[in-house]
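Q: Please take a close look at one loop position in this model and at the helix that comes just before that loop. A connected account with explicit cut-offs would suit me best.

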Amino acid sequence: MDIVVTAAEPADVREILELWRRAEAEPAVTDDEDGLRVLLAHGPRGLLVARAGDEIVANVIAAWKGWRGSLYRLAVAPEHRRRGVGRAMVTEAEQRLRARGARRIDAVVVGSQADLMSFWTAVGYEAQHDRVRFVKNLS
């Protein structure tokens, strides 16, 4: 079945959250309907979904920060893994960010999951060992 990548719509929020659950994405404080609705209101083109027919089988957040891009929350349904869907999502996200002016893109990845680290290396990203990301949850 063909995969079609589009920007997510507000009606997709529940299905995206279910995809994250099925994909065993590491939970974050923003993993709820309100968090995704804020994302869609602020950056309506930044949450991309891959559809196989009527089903969302992958997603990625391609955030434009006004001077560079960031990729977050890449998730692929388990039954669609190892078929190039993740790579297609990253390629599409990169193209969209490049079209907005990005000259640099970073990806936030769970470092304790070797398969994720291998994927991001395979699609051309390098881990920065001289940087540490600090996070503060406000809720």
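A: Arg100 lies in the loop that links α3 to β5 (105-107), where helices (H or I, at least four residues) and strands (E, at least two) are DSSP runs numbered from the N terminus. The model is a predicted one, in which local features need pLDDT of at least 70, side-chain atom pairs count only at pLDDT 80 or more, and totals for chains, interfaces and linings use all residues. Residues are numbered from 1 along each chain as its sequence is written, and side-chain values use heavy atoms, with hydrogens and water left out.

With a relative accessibility of 38%, Arg100 is classed as partly exposed, since that class lies between buried (under 20% relative accessible area) and exposed (over 50%), for a 1.4 Å probe and protein chains only. Apart from residues up to four places away in sequence, Arg100 touches Arg45 and Trp64, contact meaning heavy atoms within 4.5 Å. Its C-alpha atom is 26 Å from that of Asp31, 69 residues away along the chain.

The helix before this loop, α3, has an axis that comes within 11 Å of the axis of α4 (residues 114-122) and crosses it at roughly 55°; axes are lines fitted to C-alpha atoms, for helices over the stretch in contact, and angles run from 0 to 180 degrees between N-to-C directions. That makes α3 oblique to α4, the term for angles that are not under 35, over 145 or from 65 to 115 degrees. Gly86, Arg87 and Val90 of α3 meet Phe119, Trp120 and Ala122 of α4 in this contact.
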